[in-house]
Amino acid sequence: MTSRSTGVAISAARGLLAALSGWMVFMSYAPHSHWRLGIIGITLLLVAAAPWGCDDRPRLRVGALVGLIHGLTLYLFLLPWIGVFVGKMPYIALAITESLYSIPIGLFAAAATSLAYRRRYWALAAFALMFCATEWLRSTWPFGGFAWGRISWGQVDGPLVGFAALGGPSLVTTATVACSAALFVLVSAALRLRGQPSARPAKSSIIAPTAVSLASLLAVVGSGAWLTIDQDSSAQAAETSDDVLKVAAVQGNVPRMGLDFNAQRRAVLNNHVKQTEGIDQPVDLVVWPENASDVNPFSDPTAMASITRAVNHANAPTLVGTLTRDPEDHNTVVVFDPTTGPGERHYKKYLQPFGEYMPYRSFFRLFSSYVDQAGNFVPGDGNGVVHINHNGHQLGVGVSTCYEVAFDAAGRDAVKAGAEILTTPTNNATFGFTDMTYQQLAMSRLRARELDRSVIVAATSGSSAIILPNGQVTQQSGIFEAATLIDSVPLRTTVTFAARYGNVVEYLTMVFGWLSAIAALLAARRADAD
């Protein structure tokens, strides 16, 4: 085989490994939830970007291409729900845009693995920070970022989720990538021991990093296991403690799927009224979904009367997702009390670009007429807490409406402001029978672990769920069915380290990640020159 054909074969092998790594990371997310594949997938990314054979020189351009293939594969599998009712172009455009952030990850992977082959193993530890820093950038910029592909969302069922209470999703991602880096050292050490005699390092030089990598892998996973709360502990607490709340998550369902589901908004409201009037036992709180009443009850007497009738039947404070004009358009959750009527409001703060509002509308209209279906909502402010009357005192309830659950500050601000329970009213009707609702549910489960709070998810069309502080789902509805979930959940007043200092952990990771990236790239260039 000629050197040219060998080079083509190696390039093809790298591309296949990069694509496989992206697919494996995708399979770690719900509803597939194979958390181990997330670790293995990042390991394969490192293998694909690493120098092969006896050549230890970094191939940064190769690494960048490997990262792009990895990211493109991941997001093409992860985001088809974007295009279910708006066509393929927005879906493909978003997948390509998000995959661009994987280019520096692949570039850093090439530099770090090259340095590791030269026994500078600090570079692999730094890679975990580099990865998390890049993930932070993608989750915050532009237009507030898009946090859907964070590695941590795929670790909800694994032992590493225990790190969420210490540093939130960022620390879970860092721990996951650290495991992948340690696994890479084990794999590469085994492969290089079988290499050509001229390229084979002394066994003594392999034993140390292999032992350290194995110890690191066991330590990281073991630490997560120690931090994992027993799956039955929160359920037992809910049964024995007086600090519990009996909640009902109402899923009224919608007349039809698609972007025009709210063309029959009166029917959507009536569905949720009907489900609430079917509650046949005392409850302390009822949670309706986002957009449960797309008819503004403050301007429509019929809608107000319907909601009031349902709230009076439940005889419990009810969070109602609606739309208000105050005077701007807001996506709003309003507390309706059976005694005092409408009360506090949560105006959605983190709005979905290209959906709830349209940046550069005139420009994007050149590419798609769907931009005119985007809303003109204005973001709210506040700490995300509303209060309900419970046993004679005001109980703080945190609200993260739909898209907000992906943003770290939403839940943390609510907990620091006194929320003893969290809710996620959401509307997933525009995404059909896709994985989107399960991917979002996994985020709520991680928030429960991160913030030590029960989380109540109420969706218009599913999947609604009741989640304990340990992330365990006690009840869950199907998609496009009417359902009411009722259960008792524990209230908590603790403030986890992640809730109080999670943003500090994020910023430190970001700073050290980018500094590590610069150091690794400079070291790799010097190594290449040598």
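Leaving aside neighbours within four places in sequence, which residues is Ser28 in contact with? Some notes for a newcomer, bearing in mind that this is a predicted model.

1. Let's settle Ser28 straight away. Outside its neighbours within four places in sequence, Ser28 is in contact with Ser33, His34, Trp35, Gly38 and Gly154. Ser28 sits in the loop between helix 1 (3-27) and helix 2 (35-49). Ser28 counts as buried because its relative accessibility is 4%, under the 20% cut-off. A polar atom of the Ser28 side chain also lies 2.5 Å from the backbone oxygen of Val25.

2. Now for the record. An unreviewed UniProt entry lists "transmembrane region" for several stretches, including residues 12-29 and 35-52. In the model, residues 12-29 are 89% helix and 0% strand, with end C-alpha atoms 27 Å apart. Residues 35-52 come out at 83% helix and 0% strand, and there the end C-alpha atoms are 28 Å apart.

3. Further along the chain, have a look at the sheet. It is open, has 6 strands in the order 6-7-8-9-10-11, and its pairing is mixed. Strand 6 (385-390) and strand 11 (473-476) are the edges, each pairing on one side only. On average, neighbouring strands here are turned by 25° against each other, direction ignored. Strand 8 (residues 419-426) and strand 9 (residues 455-459) run parallel and are joined by 5 bridges; Thr423 has Ile456 as its bridge partner in strand 9.

4. Two helices lie across that sheet's strands. Helix 13 (residues 408-416) crosses strand 6, strand 7 (393-399) and strand 8, at about 145° to strand 8. Helix 14 (residues 436-451) lies across strand 8, strand 9, strand 10 (465-467) and strand 11, at about 20° to strand 10.

5. Those helices bring us to charge pairs. Arg412 meets Glu450 in a salt bridge at 2.9 Å, N to O. This pair links helix 14, which holds Glu450, to helix 13, which holds Arg412, across 38 residues. Arg412 also has a salt bridge with Asp408, at 3.9 Å; these two both lie in helix 13, about one turn apart. Glu450 is buried at 0% relative accessibility, as is Arg412 at 5%.

6. One more pair to check: Glu506 and Arg150 form a salt bridge, with the closest N and O atoms 3.4 Å apart. Glu506 is in helix 15 (residues 497-529) and Arg150 in the loop between helix 6 (122-138) and helix 7 (164-193), so the pair ties together parts 356 residues apart in sequence. Glu506 is buried at 10%, and Arg150 is buried at 5%.

Conventions
Residues numbered from 1 in each chain as written. Predicted model: local features only at pLDDT ≥ 70, side-chain atom pairs only at ≥ 80, totals over all residues. Heavy atoms only, no water. UniProt positions renumbered as here; feature names shortened; annotations may be inferred. Helix = DSSP H or I, 4+ residues; strand = E, 2+ residues; numbered from the N terminus. Pairing = 2+ DSSP bridges. Axes fitted to C-alpha atoms, helices over the stretch in contact; angles between N-to-C directions. Contact = heavy atoms within 4.5 Å. Buried < 20%, exposed > 50% of the residue type's maximum accessible area, 1.4 Å probe, protein only. Polar contact = N/O pair within 3.5 Å; in protein donor to acceptor, adjacent residues only side chain to side chain. Salt bridge = Lys/Arg side-chain N within 4 Å of Asp/Glu carboxyl O.
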